[in-house]
Amino acid sequence: MICKQHRDQFNDSCDDCKNEYLLLKGFVKSNNSICSIDNNSKKEKELNKNEEFSEERAKGLYQKLFLYYVKKTENESEANKRAKNIIKLQCAKHNVQPWTWLN
Ligand SMILES: [Zn+2]
């Protein structure tokens, strides 16, 4: 259920990417992460404004994403890359400068 073509970021017009995105969204929610992957709803947008995307939170999310992708891809470097990309996207959404461990 993960896209083989777009490894660096989700592509809006790709079904595989959409499926992966939805899976990920459900996964993050079910793990009680306070970090919202999807900012489409007004409520979530308002929520995000008031929430700080702290490094501590980013690391927690990274660990979950990494484990998630390791299970999906059975490839640690791939999982590492994908998880970091998600965190970077979150940094951009929250106007947070990405941390050095994301490089
Ligand atoms: Zn794709």
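Two residues are in contact if their C-beta atoms, placed from the backbone, lie within 7 Å. Keep that in mind for the packing views below, all of which come from a predicted model.

**View 1. The whole chain is helical in its elements, with four helices and zero strands.** Reading from the N terminus, you will meet the elements in the order α-α-α-α. The protein has 103 residues, and 15% of them count as buried. Among contacts with a separation of 6 or more, 32% join residues that are 24 or more positions apart. The close-ups that follow look at helix H3 (55-73), helix H4 (76-93) and the loop between them.

**View 2. Helix H3 has a buried side and an exposed side.** H3 is built from 19 residues, and its first and last C-alpha atoms are 26 Å apart, close to the 27 Å expected at 1.5 Å a residue. Its buried residues are Ala58, Leu61, Leu65, Tyr68 and Tyr69. These residues fall on the same side of H3, because the arc they cover around the axis is only 95 degrees. Such a pattern is easy to read once you recall that an α-helix has 3.6 residues a turn, so residues three or four places apart point the same way. Turn to the other side of H3 and you will find Glu56, Gln63 and Lys71, which are exposed.

**View 3. Lys72 of H3 comes together with Ile2.** Lys72 belongs to helix H3. Is Lys72 buried, exposed or partly exposed? It is partly exposed, because 17 other C-beta atoms lie within 10 Å, a count that falls between the 12 or fewer of an exposed residue and the 20 or more of a buried one. In sequence, Lys72 and Ile2 are 70 residues apart, yet their C-alpha atoms are 7.5 Å apart in space.

**View 4. Glu74 sits in the loop between H3 and H4.** Just after H3, the backbone at Glu74 takes a positive phi of about 55 degrees, although Glu74 is not a glycine. This is worth a look, since most residues other than glycine have a negative phi. How many other C-beta atoms lie within 10 Å of Glu74? There are 9, and Glu74 is therefore exposed, as a residue with 12 or fewer is classed that way.

**View 5. Helix H4 also gathers its buried residues on one side.** The 18 residues of H4 should span 26 Å at 1.5 Å a residue, and its end C-alpha atoms are indeed 26 Å apart. Buried in H4 are Arg82, Ala83, Ile86, Ile87 and Gln90. They share the same side of H4 because they cover an arc of only 135 degrees around the axis. The face turned away from this buried side carries Ser77 and Ala92, both exposed. What covers the buried residues of H4? Part of the cover is H3.

**View 6. H3 and H4 pack against each other in a right-handed crossing.** Two packed helices are described by the angle between their axes and the distance between the axes. Here the axes of H3 and H4 come within 8 Å and cross at roughly 140 degrees. The two helices are therefore oblique to each other, as an angle must be over 145 degrees to count as roughly antiparallel. From H3, the residues that take part include Ala58, Leu61, Leu65 and Tyr69, and those they meet in H4 include Arg82, Ala83, Ile86, Ile87 and Gln90.

**View 7. Arg82 and Gln90 are two buried residues of H4 with partners far along the chain.** Arg82, in helix H4, is buried, with 24 other C-beta atoms within 10 Å. Its C-alpha atom is 6.9 Å from that of Asp8, a residue 74 positions away along the chain. Gln90, also in helix H4, is buried with 22 other C-beta atoms within 10 Å. Gln90 and Ala58 are 32 residues apart in sequence, and their C-alpha atoms are 8.5 Å apart.

**View 8. Asn95 follows H4 with a positive phi.** Asn95 lies in the segment after H4. Its phi is near 55 degrees, a positive value in a residue other than glycine. Is Asn95 buried or exposed? It is exposed, with 7 other C-beta atoms within 10 Å. For a companion view, go back to Glu74, which takes a positive phi of about 55 degrees just after H3.

Methods: Residues numbered from 1 in each chain as written. Predicted model: local features only at pLDDT ≥ 70, side-chain atom pairs only at ≥ 80, totals over all residues. Expected span 1.5 Å × (residues − 1). Arc of directions from axis to C-beta. Axes fitted to C-alpha atoms, helices over the stretch in contact; angles between N-to-C directions. Parallel < 35°, antiparallel > 145°, perpendicular 65-115°, else oblique. Left-handed = near helix turned anticlockwise from the far one by under 90°.
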